[in-house]
Amino acid sequence: MPHGGIIAKAFVKQSNLASKGSKHLLLPTSLYIRSKNMQIPYEEELCALADAVWETPEPGFREYKSSAAHVEFLKKHGFEVKTDVAKTKTGYEASWGSGHPVIAFLGEFDALYGMNQKADCPSYHPEDPDGMGQGCGHHMLGVGAIAAGMAYREMLKENGGSGTVKIFGCPGEESGSGKAYMARDGVFDDCDIALTWHPANFHMVCTGSSQSCIQACFRFHGVSSHAAGAPHLGRSALDAVELMDVGVNYMREHMEDSDRVHYAITNTGGKSPNVVQAEAEVRYLIRSATNPKCKKLYERVVRIAQGAALMTDTKLEVLFDEGLSNTVPNFALEDVIAKAFQTVGVPTYTAEERAYAKQFKDSFSVEDQLSDIPFGIADIMKLRENIKNSEICDYVVETIHTDHCEMGSTDVGDVSWVIPTATVNTACYSYGAGAHSWQWTAQGKSAIAHKGMIFAAKVMAESAKTLLEHPEEIKKAWDEFDKRLDGEKYECLIPKEIEPHVIE
């Protein structure tokens, strides 16, 4: 569906966005964008940048090398860049152009502990079993956002009218909720639309919602003593942790089926059983479908911790770690992305690339692959056949609009409470391999990963082109946004007094 010479009369339309509390201007001026195939400038440099980030995996809010590499690239290519956005140290905002529409492209770059793996190796072979690795594809996610923003900038240059591109480097998605701090501090307030993507196993529009999430550490402080000679003088912090865990596990019967509570004991108080443990800690991750539900569930967990401290005569310290909001879907934007998928067309894969993907696909059972199908699929049987017969997704999987809430969480949700937001998924990995796996890390520098990243950039840029040419699509997205919020205000789950931080 190539766009021919589309001429739109210049106009200014104020959208009454009570939930946002500000006026947004849709200002297409003398629009004329000639039809041409979507191109990504500096494609080889972008792939090299993604590979460089893969080589230096870093945790949330400490992505110093990755962020610096992004910033250097963007400055080199003419973007104005602000760093240390929302006091995140590694977050940045790159911009070019002026006026509306302001299209934001969201990127990430943090890695995961325990995801270290040798590149291109189809069997588990970490260089360091405890080391970090790009097991969720964020080394490409941030670069793909840059690629889309650069392509959109070329359209704005060609058009010569009003329009701004913004590229956001968002730290700490895996742990820390960087976008939540940015949304809380108003970083996205002057944007009209946010587009993002995520590496995946499927070419498809991401639809539906995701869970709200709160993470906190519960530190118990007791009194050490000789466990045999003077146990009556001791107050065990480890006992408090264990009692808290038991209490939360009993709570599971009395929470909604879609709620999730996970925990990890991060400090057992030592390795000597003949010493009453004076210090112990457990970290909890609490999820629910909406922010109010998540807050209530978190408060219940806190009360259980307080009860454990009372039972053991220990002192409790609660350290709020992170909080992120559920995603507000936007079907209007999803439709724009769906059309862009069809316009751009899927990548083609060589025999060598398919053979490469097959090595990783074969490391999973067929049953496991067929059970890992995302929600919102229009034709599940077609997808199942493709999984059986192909090494990698090689068609655009049709999705249907849904408000279904997936069990995972993302800080993209906080952005979706501020401006209309939508997500592109593209296949960067073989079938079978799932997120947060060594298989994703291993394939992260491959030709199919690069193709998936560039494909995502083209789809996002094509979507932005549609929004620029057809401002009525932006209005549709905002109308839906206002209807969904129905006057409800965005409230970040992270308390105002808490700044971006790392809890070791």
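This is a short talk on one strand, the cysteines and one helix of the structure above.

Before the details, please keep in mind that the model is predicted.

I'll start with strand E9, residues 193–200. Is E9 enclosed or open to the outside? Of its 8 residues, 7 are buried, so the strand is largely enclosed by the rest of the structure.

Which strands does E9 pair with? One is E5, residues 102–107, which runs parallel to E9 and is joined to it by 3 bridges. If you want to find that pairing on the screen, look for Ala104, whose bridge partner in E9 is Ala194. Another is E15, residues 421–427. E15 and E9 also run parallel, with 7 bridges between them. Here you can look for Thr196, which has Thr423 in E15 as its bridge partner.

Next, the cysteines. A disulfide is a covalent bond between the sulfur atoms of two cysteines. How many disulfides does the structure hold? The count is 0. Take Cys393 as a case. Why does Cys393 form no bond with Cys428? The sulfur of Cys428 is the closest cysteine sulfur to that of Cys393, but it lies 11 Å away, and that is too far for a bond. For a disulfide, the two sulfurs would have to be within 2.5 Å. Cys428 is in no disulfide either, and its nearest cysteine sulfur, in Cys47, is 11 Å away. As for surroundings, Cys393 is buried, at 0% relative accessible area. Cys428 is buried as well, with a relative accessibility of 0%.

Last, helix H2, residues 64–76. This helix has 13 residues. From the first C-alpha to the last, H2 reaches 18 Å, close to the 18 Å expected at 1.5 Å a residue.

Which residues of H2 are buried? They are Ser66, Ser67, His70, Val71, Phe73 and Leu74. These cover an arc of only 165° around the axis, which means they sit on the same side of H2. What is on the other side of H2? There, Lys65, Glu72, Lys75 and Lys76 are exposed.

What do the buried residues of H2 pack against? Two of the elements come before and after in the chain as helices, namely H1 (43–55) and H3 (138–159). The strands they pack against are E3 (80–83), E4 (92–98) and E8 (163–169).

One detail remains at the end of this helix. Just after H2, Gly78 has a positive phi of about 90°.

That is the end of the talk.

Notes: Residues numbered from 1 in each chain as written. Predicted model: local features only at pLDDT ≥ 70, side-chain atom pairs only at ≥ 80, totals over all residues. Heavy atoms only, no water. Buried < 20%, exposed > 50% of the residue type's maximum accessible area, 1.4 Å probe, protein only. Helix = DSSP H or I, 4+ residues; strand = E, 2+ residues; numbered from the N terminus. Pairing = 2+ DSSP bridges. Expected span 1.5 Å × (residues − 1). Arc of directions from axis to C-beta. Contact = heavy atoms within 4.5 Å.
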